[in-house]
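Let's take a walk through this fold, beginning with its sheet and then turning to the helices and one loop. Keep the viewer open as you read.

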Amino acid sequence: MKQNKVSSFIILASFVVVLCCSWLLWFFLEKICDATNYENREPSVQPQLTVDNYDTFPKEYEQWFDDSMPFRNNLIKMNSLIDYIIFKKSSNDNVIIGSDNWLFYKSQSDGDPLSCYQGTNLLTTDELDEIAQNCIKQRDILTDMGKEFVILIAPNKERMYSEYMPDYYGDPSENYAAKQIADYLSETTDLRVIYLYDDLMYAKNSLNYNIFYKMDTHWNSIGAYVGASVLLKELGIIIPDIESNELTISVDSNYSGDLANMLDLNKELSFADHSYSISGYDMHEVQLIDNDFQSVISYSATGADPRKLYVLRDSFSSAMAPYIGSQFCSTYLRHRGSYTYSDFLEQDPDIVVYEVVERYIGELRSFSVMGE
């Protein structure tokens with residue numbers, strides 16, 4: 001009994017010493033340690049006990065203490081690294097740990113890519129027809145304005161690199177929403193629809209490079225070049241095929257990305273992948289005018305196609321932007337989240353491309369050129 005009391009005392013004393021020492025060390029090391037707030041929220045403010053908050057004060061204080069804990073980022077990274085390396089476990093519920101350092105996305109609130117992968121979000125014929133009718137309506141509005149309209153669909157990373165997904169998720173479903181929509185629009189309408197799965201899979205199997213990032217939700221520059229070349233061909237512009245000897249693919253810096261960042265291991269995992277650059281195609285002295293990931297990316301080019309291109313996009317167009325931007329005298333890529341009809345009218349393009357990745361493809365049901 002006495003020995004148990006001594007052991008408990010030693011444990012308690014050790015905890016107090018470690019706790020006090022951490023604050024003491026933080027006093028000297030705070031300026032050289034990473035204290036950046038990486039969360040999408042403001043850190044808690046130290047609460048003051050009052051008669052109005054006495055019942056919630058303990059929880060508020062605990063939240064503040066957690067947010068201001070010395071070496072917080074270091075401890076979070078250490079925990080994530082132990083989970084990743086030793087237990088092969090994700091410290092973030094929205095990230096799937098695959099094999100060979102591949103990470104995948106499964107957020108249910110952001111397009112639910114896992115449902116896309118497993119084919120559990122299939123559409124009824126009525127829903128498919130609703131999407132078709134909306135796309136036709138938007139096409140007709142643009143046609144009346146003298147503008148071309150093309151729909152470009154990019155597949156999710158999980159489908160493209162399913163061999164690295166954990167076995168318990170099974171194989172990718174052969175029937176899934178993006179395929180349903182692409183097939184239905186192609187078979188029942190005269191809309192110009194490009195689904196990039198086959199072109200990207202051919203490139204993946206033909207090249208000695210990955211075409212998607214291992215630790216990011218997006219394709220890399222190689223995959224984006226393939227997507228851009230297919231779109232440009234539909235618009236009557238030919239650039240060298242990704243396998244062409246005219247092109248040079250260069251390995252640039254190490255790269256991790258958004259999924260690694262969600263695990264708080266962006267720097268620690270950057271060794272596993274690289275970014276790439278591609279040269280050898282006619283760039284027409286392209287100039288970057290605007291570069292806002294969440295808003296507008298725009299280019300001008302000399303001696304390129306005189307038509308003005310407008311891309312209503314999500315994040316997948318960002319990596320494509322330099323390639324398509326080099327082939328038109330004026331290219332304007334507007335993120336759907338910041339789209340307005342007045343901005344569209346001001347730009348007055350000749351061609352409108354609606355680009356959407358698989359996990360957001362349901363937005364084809366409701367998007368409106370008029371911004372309604």
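Before we look at partners across a sheet, one term: two strands count as paired if DSSP finds at least two bridges between them. With that in hand, look at strand E10, where the bridge partner of Lys308 is Ser330. Also in E10, Phe328 is the bridge partner of Asp305. Keep in mind throughout that this is a predicted model.

Those pairs belong to a bigger ladder: strand E9 (residues 305-313) and strand E10 (residues 328-335) run parallel and are joined by seven bridges. How much of E9 is buried? Seven of its nine residues are, so E9 is largely enclosed by the rest of the structure.

Now zoom out to the whole sheet. Seven strands make it up, in the order E4-E3-E11-E9-E10-E8-E7; the sheet is open and its pairing is mixed. At the edges sit strand E4 (193-195) and strand E7 (287-291), each pairing on one side only. On average, neighbouring strands here are turned by 15 degrees against each other, ignoring direction.

From the E4 edge you can step over to a helix. Helix H7 (residues 177-188) lies across strand E3 (148-154) and E4, and runs at about 150 degrees to E4.

H7 also has a helical neighbour, which brings us to helix pairs. Two packed helices are described by the angle between their axes and the distance between the axes. Helix H5 (residues 125-144) packs against H7 at an angle of about 60 degrees, with the axes 10 Å apart. That angle makes H5 oblique to H7. The crossing of H5 past H7 is right-handed. On the H5 side, Thr125, Leu128, Asp129, Ile131 and Ala132 meet Gln180, Ile181, Tyr184 and Leu185 of H7. Sorted by class, that contact of H5 with H7 has six nonpolar, two polar and one charged residues.

Next, find helix H9 (residues 221-234), which takes part in two packings. Take helix H11 (residues 317-325): its axis and that of H9 come within 8 Å and cross at roughly 50 degrees. H9 is therefore oblique to H11. Again the handedness is right: H9 passes H11 in a right-handed crossing. H9 brings Ser221, Ala224, Tyr225, Gly227, Ala228, Leu231 and Leu232 to this contact, while H11 offers Ala319, Met320, Tyr323 and Ile324. What classes of residue make up the contact of H9 with H11? Nine are nonpolar, two are polar and none is charged.

The other packing involves helix H8 (residues 197-206), whose axis comes within 10 Å of that of H9, the two crossing at roughly 135 degrees. H8 and H9 are therefore oblique to each other, and H8 passes H9 in a right-handed crossing. Here Asp199, Leu200 and Ala203 of H8 touch Gly223, Val226 and Val230 of H9. In class terms, the contact of H8 with H9 has four nonpolar, one polar and one charged residues.

Last stop: a loop. Gly280 lies between strand E6 (274-279) and E7, in the loop that links them. Is Gly280 buried or partly exposed? With a relative accessible area of 44%, Gly280 is partly exposed. Leaving out residues up to four places away in sequence, Gly280 touches Pro240, Glu246 and Leu247. Leu247 and Gly280 are 33 residues apart in sequence, yet their C-alpha atoms are 4.4 Å apart in space.

Key:
Residues numbered from 1 in each chain as written. Predicted model: local features only at pLDDT ≥ 70, side-chain atom pairs only at ≥ 80, totals over all residues. Heavy atoms only, no water. Helix = DSSP H or I, 4+ residues; strand = E, 2+ residues; numbered from the N terminus. Axes fitted to C-alpha atoms, helices over the stretch in contact; angles between N-to-C directions. Contact = heavy atoms within 4.5 Å. Parallel < 35°, antiparallel > 145°, perpendicular 65-115°, else oblique. Left-handed = near helix turned anticlockwise from the far one by under 90°. Nonpolar A, V, L, I, M, F, W, Y, C, P; charged D, E, K, R; others polar. Buried < 20%, exposed > 50% of the residue type's maximum accessible area, 1.4 Å probe, protein only.
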